[in-house]
Structure formats: C-alpha cells, structure tokens
Amino acid sequence: MIQAIDGFFARIGRATLGLFESIGTLVLFALTAVSHMFRPSFYFGALGRQLLHIGFYSLPVVGLTALFTGGALALQIYSGGSRFNAEAVVPSVVAIAMVRELGPVLGGLMVAGRVSASIAAELGTMRVTEQIDALTTLSTNPMKYLVAPRIMAATLVMPVLVFIGDTIGIMGGFLVGTQRLAFNGSTYLQNTWDFLEIQDVTSGLAKAAVFGFIVALMGCYHGYNSGRGAQGVGRATTNAVVSASVLILASNYLLTELFF
C-alpha cells in the first residue's frame with residue numbers, strides 16, 4: 001500500500017518536473033530567438049521569403065474565413081436581435097466583434113494551422129536529415145538563419161493579415177445585410193463607422209502581432225527539437241498546431257482582460 005502511494009506521488013512529481021522543464025526550455029528558446037532578431041548578422045533574404053510565405057500565401061484562407069464569418073455573424077445577430085426589436089445593431093456589432101475578437105482569433109487559428117505545421121515539418125525534416133547540424137558546421141547559427149526570420153516575419157505580417165481580414169469580414173456582413181436582410185447600404189456603413197473606435201482596431205492588431213509570434217515560435221520550437229524519423233516529424237507538426245492554437249486562445253483572454 002505504501003509503495004503504491006509512493007509510486008503515485010512519484011508519477012505526479014515526474015510529470016510536474018517534466019512540465020516545468022518543458023516550459024523553461026520553451027522560454028529559453030524564445031529568448032534566444034528574440035535576441036538573435038536584434039543582433040547582426042541579418043538575413044534579409046530569408047526574412048523576405050518568410051514574409052511572402054507566411055503573409056501573402058495566407059491571404060486566401062484568412063480572407064475566405066473572414067468573409068463567411070462576417071456573413072454568418074450578421075445573420076445570427078439579426079436573428080437574435082429581432083427577438084428584442086434590436087435589428088439595427090447588426091452593423092455595429094458585426095464590426096466590433098470582427099475587429100476585437102473574431103478577426104484576430106480566427107486569423108491566428110487559420111495561420112496556425114497552415115504556418116505552424118509548415119514550419120515544424122520543414123525544420124523537423126532538416127533536423128532528421130542533419131541539415132541543421134550542417135549549418136553549424138558551416139559556421140552559420142541555425143537560430144539566426146532558420147528561427148529568427150520566421151518569428152520576425154510572422155510577428156510583422158500577422159497584423160496586416162488581420163487588418164485585411166477585418167475589412168473583408170465587415171464587407172461580408174455588409175453584403176449579407178444589404179442583400180439578404182434589406183439594410184440600406186449607406187446607413188449600414190454609417191452605423192459601422194460611427195460605432196467603431198480606434199481602440200477596437202488597435203487592440204485587435206496588437207493581438208494579431210502576439211498571435212503571429214506564438215504561431216512562428218511554436219512551429220520553430222517543435223520543429224527544431226523534433227524527434228528522429230518520420231514519426232518524430234509528424235509528432236512535432238501535430239504538437240506545433242495544437243500548442244499554437246491553445247496558446248492563441250489563452251493569450252486572447254489575457255489580452256482582452258488587459259485592453260478592456
């Protein structure tokens with residue numbers, strides 16, 4: 001009986017120590033990557049390629065997600081507001097919800113699914129095939145050449161993606177409002193403009209920058225520390241997407257508490 005109790009607490013202790021070890025390793029990895037972002041030498045070519053890969057190539061998925069989300073949101077708000085004779089709130093609520101929450105969060109989750117998986121698979125394959133070790137042999141710092149450009153690019157380009165997604169999402173609500181719900185177009189736009197404040201937009205863009213950092217960091221961390229073989233790369237890819245998605249949702253709550 002005593003041995004069973006000792007074994008139970010030993011397992012809990014090992015799990016707890018493993019958790020704190022993983023957190024510490026991640027924090028040290030993030031600090032190292034951030035420090036390399038501001039110290040020479042700088043690989044502008046790698047940064048430009050990542051800006052294109054993470055930013056431009058993510059536009060279709062972010063735009064389509066925002067478009068249909070804005071349209072569905074308009075329908076839902078109109079349906080709920082009609083119970084209280086408050087259908088007129090559709091333009092303002094769609095705009096505020098998109099720029100504060102849905103634009104940054106859904107954009108971050110979509111980019112996490114696309115970019116985190118891609119980064120983790122790429123770096124994991126490089127780890128398995130020893131290309132990262134070859135960079136070190138050639139006197140090239142892998143953190144500076146592989147990790148720092150990706151994190152910087154995601155942090156810089158994510159607010160741009162979210163701003164475009166917010167605009168498309170509001171336009172999706174406008175199209176549904178005017179074509180399906182019989183709103184006057186000029187009145188809809190005027191209500192959107194009147195109720196939308198600068199703080200709403202800036203808070204959403206600040207969230208987007210944080211989400212971009214998380215997306216790239218988790219992809220780089222899990223890919224860089226990938227296990228050997230195809231199974232290790234697959235596990236790293238899955239862990240990157242799951243951890244990025246969970247951290248985006250958790251940090252979204254914390255940032256909402258901070259801003260509002």
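**Note on a predicted helical model**

1. In this predicted model, the largest nonpolar core holds 41 residues, and those with the most contacts inside it are F29, V111, L146, V147, I151, L217 and C220. The elements that each give two or more residues to this core are α1 (2-37), α2 (44-55), α4 (90-128), α5 (131-137), α6 (142-179), α8 (198-224) and α9 (229-259). The largest share comes from α6, which supplies 11 residues.

2. F29 offers a useful place to begin looking at this core, as one of the residues with the most contacts inside it. Leaving aside neighbours within four places in sequence, F29 is in contact with M143, V147, L217, C220, Y221, Y224 and N225.

3. A second core, separate from the one just described, has 15 residues, and L73, A74, I77 and F174 are among them.

4. Turning to the overall fold, the secondary structure of the protein consists of nine helices and zero strands, so that reading from the N terminus gives the order α-α-α-α-α-α-α-α-α. Among contacts with a separation of 6 or more, 84% join residues that lie 24 or more positions apart.

5. As for extent and surface, the C-alpha atoms fill a box of roughly 65 × 60 × 30 Å along the principal axes, and buried residues make up 42% of the 260 residues. The protein exposes about 13600 Å², of which carbon and sulfur atoms supply 69%.

6. Finally, the protein has 14 positive and 12 negative charges, and the mean positions of these two groups are 10 Å apart.

Methods
Residues are numbered from 1 along each chain as its sequence is written. This is a predicted model: local features need pLDDT of at least 70, side-chain atom pairs count only at pLDDT 80 or more; totals for chains, interfaces and linings use all residues. Side-chain values use heavy atoms; hydrogens and water are left out. Helices (H or I, at least four residues) and strands (E, at least two) are DSSP runs, numbered from the N terminus. Buried means under 20% relative accessible area, exposed over 50%, partly exposed in between (1.4 Å probe, protein chains only). Contact means heavy atoms within 4.5 Å. Accessible areas come from the Shrake-Rupley method with a 1.4 Å probe; for residues, only the protein chains shown count as cover. Lys and Arg count as positive and Asp and Glu as negative; His and the chain ends are not counted. The place of a charge is taken as NZ of Lys, CZ of Arg, CG of Asp or CD of Glu. A nonpolar core is a set of buried Ala, Val, Leu, Ile, Met, Phe, Trp, Tyr and Cys residues joined through side-chain atoms within 4.5 Å.
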